[in-house]
Amino acid sequence: MICKKIKLAFQSLFPEPVPVPVPAEAESVGEDQDKKAKSPTPPRTDGVVEREYSIHGYHLDAQLAPAQLITAVTLLDEAEFFIESITGVDWIKDNQLEVVYDFSRYDFDLCRVVLRTRVDRKSPEVPTITTIYPGANWHERETHDFFGIKFAGHPHLIPLLLPEDADFHPLLKDFKA
Amino acid sequence: MGTQNIPSSVVQFALADKLINIGRANSFWPLTFGIACCAIEMMATGCARFDMSRFGAEVFRPSARQSDVMIVAGTITKKMMPGIKTLYDQMPEPKWVMALGNCAISGGPFAFEGQYSIILGADVFLPVDVYIPGCPPRPEALLQGIIELEHLVSDWKRWKNPEAS
Amino acid sequence: MNSPILLQPDETFILNVGPQHPATHGVLRVKMEMHGEYIVNAETVIGYIHRMHEKMGELKTYPQFLMNLSRMDYLGALGYSHGHVLLVEKASGIVVPERAEYIRAIMVELNRIASHLFWFGAFVMDLGGFSPLMYALQDREHILDMLEAVTGSRLTYCYFRFGGLCNDVDDDFITAARLFIPRMRKSMKKYHNLVTGNIIFRKRLEGIAPLSKEMCRKYGASSAVARGSGINFDVRKNEPYSVYPEFDFDVPVYHECDSLARYMVRMDEIEQSLRIVEQGLDKLPGGPIMPDKKPKLIKPPVGDYYQAVETARGSFGIRLVSDGGKNPYRLKLRSPTYSNMHLFDEACRGMMIMDALAFMGSLDLVIPEIDR
Amino acid sequence: MEHQFSAFLYQEHVLWIAAFTLGGLAFALGPIAIVYLFMPLQTRQLSNKALQFIECGMDPIGDSWIRYGVVFYLYALIFLAFDVDVLFLFPVATVYNTGLFASSIRDFIEIVLFVGILALAIVYAWIKGVFKWERKTFLRR
């Protein structure tokens with residue numbers, strides 16, 4: 001089953017959250033544990049969670065740091081996933097913006113994967129994945145339109161759905177018309 | 001409004017103008033300018049069942065130079081407004097505007113507080129002659145709109161007023 | 001096949017296939033840099049009919065948002081409200097009675113046939129043939145009459161409710177649908193003779209705009225755009241939902257990857273939808289159309305839910321982030337034409353402009369669905 | 001007598017020709033004059049773009065006066081040549097099958113020879129690939 005393979009591959013992305021901070025190579029998950037109080041449940045740590053498909057509609061839900069995004073997406077690209085959509089969620093209570101990536105498969109062994117990255121609301125910066133998936137171009141421009149999340153390295157980050165000179169971001173919770 | 005505010009011409013014969021207005025009333029050439037759902041009802045009106053050509057209005061001209069009526073069929077967004085203004089300018093006189101559907105009349109279902117990208121109605125920046133309510137209005141409503149525009153353009157009546165007799 | 005671009009063209013001009021253009025079927029603008037008749041590169045500009053559906057989703061309660069979905073894609077509107085209703089039922093655990101599920105499936109398939117008929121008429125008109133539009137819309141009017149008798153509106157239906165439907169289907173709808181199916185099959189034969197066999201039509205479409213499987217995957221294309229390139233992806237089969245497992249129908253897949261393949265996929269889909277409607281009418285169970293105890297106020301529990309459905313234009317997905325309140329915290333509408341149209345810029349390089357417009361017709365665009 | 005009569009014939013012809021040309025001109029320019037008299041003199045405008053080129057509602061980008069490859073250029077030239085060729089056949093048509101060689105095959109053979117020799121030019125153009133549609137691309141050194 002492709003889901004098992006992807007789940008294991010993702011687990012390899014996150015070394016066990018060993019308490020001592022891992023020295024400064026790529027993903028030192030220990031430090032950037034985001035202290036996010038998501039309502040009563042404990043703040044969600046970076047990692048892969050298996051979701052109940054019949055209720056939530058997707059199988060794997062992985063939360064990663066923005067730096068690990070490219071590795072995860074190339075991993076999915078090699079596994080023949082197609083990009084479903086990229087969107088943003090504004091968690092104003094935790095002062096954070098979340099970028100949600102949806103991936104799915106064309107063939108019958110079904111595995112819907114959702115990648116989430118959380119960035120600070122003041123300076124939202126996420127690396128672009130248009131180099132891997134050119135189909136993400138519009139999705140990223142639209143998320144930039146609505147939430148103001150900058151996608152570093154995006155070839156053409158101008159407003160897509162809003163007028164060319166638009167500087168407001170309408171889907172933020174504190175947007176006044 | 002109709003013919004009142006059409007700029008004047010060099011020669012004005014009352015009788016000739018009356019005849020010309022009857023000609024205009026019987027052959028409106030709408031501009032193919034479908035924006036949203038009302039455009040589908042406009043196309044359905046142009047097709048076989050509701051048949052706009054009974055009133056001479058089935059010739060949909062794509063270019064603004066050859067059209068008389070601009071049927072604004074759909075929601076006008078702030079990004080689209082300059083385009084509509086340009087199209088209105090490029091249409092030769094005499095020209096009329098029909099606002100088809102609630103969105104073209106007053107923003108329709110998309111006029112809620114906190115909206116940021118809709119112009120609330122075509123009459124904010126266009127001189128609208130006929131308003132056709134509905135979301136989307138039935139094809140018969142568009143046909144009645146055309147007949148209303150005919151009554152505005154020339155006092156020739158296609159059939160006697162049923163209520164009057 | 002036309003020759004590829006040999007070298008940097010000396011002088012090009014930029015042509016606006018702009019918001020008001022008969023071939024774009026709505027307010028879509030493509031800035032095409034042209035060398036003579038050939039497109040050097042194209043940049044699609046959208047947003048001319050952005051109507052803030054997602055913002056409205058956050059400001060309105062769940063039942064109030066029902067009417068928005070049919071204004072997003074008004075040709076196949078029932079498919080979209082079907083997705084929205086299934087999502088909220090899945091999230092808040094409402095059980096839908098059997099009869100309502102069957103009626104929903106029948107209505108969605110009838111709406112899909114109406115949408116494909118409208119696309120067929122408009123697509124052949126793009127290529128210059130005017131009379132098929134008249135025939136196709138005449139058949140579509142039959143379907144609209146049936147749907148209007150039950151739902152009350154012609155395009156923008158608000159017929160589904162969370163848990164079932166707003167009113168039941170009476171007998172003359174069923175007899176009308178049974179009469180409609182053989183008549184529709186007869187006119188499908190007529191369309192195939194009138195259009196599919198036409199040599200000019202085939203010459204205009206064969207080998208035009210080949211979309212490789214890799215490009216479809218990179219852009220996330222679905223429905224006839226993907227199935228025309230040999231990808232067997234139909235949400236009703238890949239991720240079965242509602243009562244679709246009970247129907248036996250097959251998914252037309254063509255491997256030629258050109259515009260003619262996309263055309264043939266949609267024409268065969270009409271036949272498959274007719275089969276579904278037939279089986280639906282045969283197996284239509286009795287019983288209620290709304291669950292007896294329905295929660296007064298729809299408040300899905302906290303969490304993140306996603307539902308994908310197969311609409312006339314592709315796999316339409318809705319993501320609901322709920323914080324337990326009566327308004328969704330975030331409602332993302334993943335529109336299929338958004339991804340289908342996205343590959344237009346890359347696919348139309350080096351093509352002639354009339355082939356590019358035929359290619360745009362074969363993508364079956366509805367612009368308010370792209371801009372949302 | 002003979003002289004005046006032919007002079008008169010000469011004047012009558014002139015009258016006929018004058019009448020026809022004037023009639024033609026009136027027929028062509030008349031509607032334009034009528035329209036000018038009855039048309040509204042200026043159009044109502046919102047953003048003063050009445051005389052702008054039509055580009056689907058948007059402002060045209062860049063200039064359209066550029067040089068680009070006209071693909072069927074030589075094909076048009078050949079059409080011009082054969083247009084002149086057809087011109088020669090008009091006088092032949094007036095005297096075909098009359099006069100000395102009436103009802104004999106000689107006229108027909110003469111014409112076939114004339115057109116045949118000219119048709120060789122088409123064969124030459126065909127071989128040179130004038131009728132193939134390929135893009136004009138310029139190598140700019």
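Before we start, a quick definition: two strands pair if DSSP finds at least two bridges between them. Keep in mind that we're working with a predicted model.

**Exercise 1. Find the partner of Glu98(A), and say how the two strands run.**

Step 1. Look for the strand that holds residue 98: β4 of chain A covers residues 96-105.
Step 2. Check the bridges. Eight of them join β4 to β5 (residues 113-120) of chain A, and these two strands run antiparallel. At least two bridges are needed for a pair, so β4(A) and β5(A) do pair.
Step 3. Look straight across from Glu98(A): you'll land on Arg118(A) in β5(A).

**Exercise 2. Work out the strand order of the sheet in chain A, then pick out its edges and the helices that pack on it.**

Step 1. Walk across the five strands: the order is β1-β2-β5-β4-β3, in an open sheet with mixed pairing.
Step 2. Go to the two ends. β1 (47-50) and β3 (81-91) of chain A each pair on one side only, which makes them the edge strands.
Step 3. Compare neighbours: on average they're turned by 20° against each other, ignoring direction.
Step 4. Add the helices. Helix α1 (residues 2-13) of chain A touches β1, β2, β4 and β5, and its direction makes about 15° with that of β2(A). Helix α3 (residues 69-78) of chain A touches β2, β3, β4 and β5, at about 165° to the direction of β5(A).

**Exercise 3. Describe the side of chain B that touches chain C.**

Step 1. Count: 30 residues of chain B are in contact with 26 of chain C.
Step 2. Find the biggest supplier: α2(B) gives the largest share, four residues.
Step 3. Sort chain B's side by type: 18 nonpolar, nine polar and three charged.

Note on methods: Residues are numbered from 1 along each chain as its sequence is written. Chains are lettered from A and ligands numbered from 1 in the order in which they are written. This is a predicted model: local features need pLDDT of at least 70, side-chain atom pairs count only at pLDDT 80 or more; totals for chains, interfaces and linings use all residues. Axes are lines fitted to C-alpha atoms, for helices over the stretch in contact, and angles run from 0 to 180 degrees between N-to-C directions. Two residues are in contact if their C-beta atoms, placed from the backbone, lie within 7 Å. Ala, Val, Leu, Ile, Met, Phe, Trp, Tyr, Cys and Pro count as nonpolar, Asp, Glu, Lys and Arg as charged, and the others, Gly among them, as polar.
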